[in-house]
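Good morning, and thank you for coming. I would ask you to keep the structure in view while I speak.

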Amino acid sequence: MIPEEKIFEDKIAREVRIEPRDWMPADYRKLLIRQMSQHAHSEIVGMLPEGNWITRAPSLRRKATLIAKVQDEAGHGLYLYSATETLGITREETIDQLHSGKAKYSSIFNYPTLTWADIGAIGWLVDGAAIMNQVPLCRASFGPYARAMVRICKEESFHQRQGFEILLTLSRGSEAQKHMCQDAINRWWWPSVMMFGPPDDASPHNQKSMQWKIKRFSNDELRQKFIDVCAEQVRVLGMKLPDDKMKWNEDEQHYDFGEINWTEFREVVNGNGPCNKERLEARKKAHAEGAWVREAAAAYAGKKNHSSNNQ
Ligand code: BYC
């Protein structure tokens, strides 16, 4: 072990954060660039299914809060891209990886938002899953990632409550609204459970990520915590989770649950989900249409540098 590696491992053991200028193993850098950039892409692509409902939100209040949520997600994406840049990769490179299909984004955003209740279900389940996964990331060993996660988690908690409140309102409404609420829960439940990633014995990055304290809990541990919380919360809504096998296990003090359709997960992750093509096309189009903004910003920055150099 070279001296730098010893210092690095010692910091990890003592819970001292690794900062961008510190020496780090090439694989640690690679693991972080992959996870952080894919996390950033997920926030940005995640704006699309919800953005679909901004013009159709049922009241001014709902519209204003939905716009604010989608803007928060843009913010999360931007600080995660910035945090990733501290590892020595440019934003252009990471965005190119998304557009070429080399980089992934969360499987969950490849499902369609068919009714207003889907916006509630995304807030409750998708943001709920995101919080479960991201709160431990506030203790990730890489400083810029951990610090970005603190603010992101605060905002996600607000999103989750907003979503739950949408569903609570529908669950107390007309028969048609109750039906819409249950239908959205039925469609979003299993994809949300899959968000935590493949089972631990099929998770190639798990071991290194846990060893280097990027992840603090495995995919299956977080999935179980999420299921346990939702199994209780759904009762407040007076709705059901679409899993006949869900049952409290007194010995193990958690809810047992049914089979996860991993074939569906793999299909979605490999680009064959219901909305994969549409999502990627929308991102590429937005990027192309924003080219003039990037050019103008670069020209303005160049002009400013030029005039300050001449002073
Ligand atoms: N979807 O070895 P594994 C949000 C991939 S956005 C697609 O277990 P790892 C929000 C994985 O990338 C939520 N791909 O990996 C925004 C790997 O493939 P690669 C996003 C998935 O990294 C708007 C392969 O499967 N959150 O909060 O140890 C509105 C093997 O997996 C998925 C984050 O990104 C998936 N679900 O564990 C509302 C959190 N799962 O990269 C909400 C940060 C796995 O080798 N990320 N894969 O090609 C993480 O915590 C971890 O990266 C994961 C996966 C738990 C996701």
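I shall begin with the ligand and then turn to several individual residues. Please bear in mind that this is a predicted model.

Let us start with the ligand. Where does the ligand sit? The ligand sits in the largest pocket. Four elements each give two or more residues to the shell around the ligand, namely H2, helix H6 (117-134), helix H7 (143-171) and helix H11 (262-272). Which of these elements gives the most to the shell? H2 does, with six residues.

In total, 33 residues surround the ligand. The closest are Lys-104, Ser-107, Ser-203, His-205 and Lys-215. Let me point out some particular atom pairs. At Lys-104, an N or O atom of the side chain is 2.4 Å from an oxygen atom of the ligand. At Gln-134, a polar side-chain atom lies 3.2 Å from an oxygen atom of the ligand. At Met-195 the partner belongs to the backbone: a polar backbone atom there is 3.1 Å from a nitrogen atom of the ligand. How much of the ligand's accessible area does the protein cover? On its own the ligand has 1000 Å² of accessible area, and the protein covers 89% of that.

I turn now to His-41. His-41 has its place in helix H2, which spans residues 26-45. Is His-41 buried or exposed? The relative accessible area of His-41 is 0%, and therefore His-41 is buried. Beyond the residues up to four places away in sequence, His-41 touches Gly-46, Tyr-81, Thr-94, Ile-95, Leu-98, Ala-103, Lys-104 and Tyr-105. Two names on that list deserve a further word. With Tyr-81, His-41 shares a polar contact of 2.7 Å between the two side chains. With Ile-95, the separation along the sequence is 54 residues, whereas the C-alpha atoms of His-41 and Ile-95 are 7.9 Å apart in space. Lys-104, also touched by His-41, is one of the residues closest to the ligand.

The next residue is Thr-84, in helix H4 (residues 60-85). Thr-84 counts as buried because its relative accessible area is 1%, and buried means under 20%. Apart from neighbours within four places in sequence, Thr-84 is in contact with Ile-33, Met-36, Ser-37, Ile-89 and Thr-94. The side chain of Thr-84 also reaches the backbone oxygen of Leu-80, at 2.6 Å. Across the sequence, Thr-84 and Tyr-145 are 61 residues apart, and 7.9 Å separates their C-alpha atoms.

Asn-110 takes us to a loop, the one between helix H5 (91-100) and H6. The relative accessibility of Asn-110 is 1%, so Asn-110 counts as buried. Setting aside neighbours within four places in sequence, Asn-110 is in contact with Tyr-105, Val-268, Gly-273, Pro-274, Cys-275, Asn-276 and Arg-279. Tyr-105 is also touched by His-41.

Trp-23 belongs to another loop, between helix H1 (3-13) and H2. Trp-23 has a relative accessibility of 35%, so Trp-23 counts as partly exposed. Excluding residues up to four places away in sequence, Trp-23 touches Ile-2, Glu-4, Glu-5 and Phe-8. How far is Trp-23 from His-179 in space? From C-alpha to C-alpha the distance is 55 Å, and the two residues are 156 residues apart in sequence.

Finally, let us consider backbone angles. What is the phi of Lys-213? Lys-213 has a positive phi of about 55°, although Lys-213 is not a glycine. Lys-213 has its place in the loop between helix H9 (206-211) and helix H10 (219-237). Gln-253 is another non-glycine residue with a positive phi, near 55°. Gln-253 is found in the loop between strand E1 (247-249) and strand E2 (254-256). With a relative accessibility of 46%, Gln-253 counts as partly exposed.

To recapitulate, the ligand sits in the largest pocket, with H2 giving the most to the shell around the ligand. His-41, in H2, is buried, and Trp-23, in the loop between H1 and H2, is partly exposed. Thank you for your attention.

Definitions and conventions:
Residues numbered from 1 in each chain as written. Predicted model: local features only at pLDDT ≥ 70, side-chain atom pairs only at ≥ 80, totals over all residues. Heavy atoms only, no water. Buried < 20%, exposed > 50% of the residue type's maximum accessible area, 1.4 Å probe, protein only. Contact = heavy atoms within 4.5 Å. Near = heavy atom within 4 Å. Polar contact = N/O pair within 3.5 Å; in protein donor to acceptor, adjacent residues only side chain to side chain. Areas by Shrake-Rupley, 256 points an atom, 1.4 Å probe, with all protein chains shown as cover. 1 Å grid on protein atoms, 1.4 Å probe; cavity = no way out; pocket = protein on both sides within 12 Å on 5 of 7 lines; lining within 4 Å. Sits in = over half its atoms within 2 Å of the grid points.
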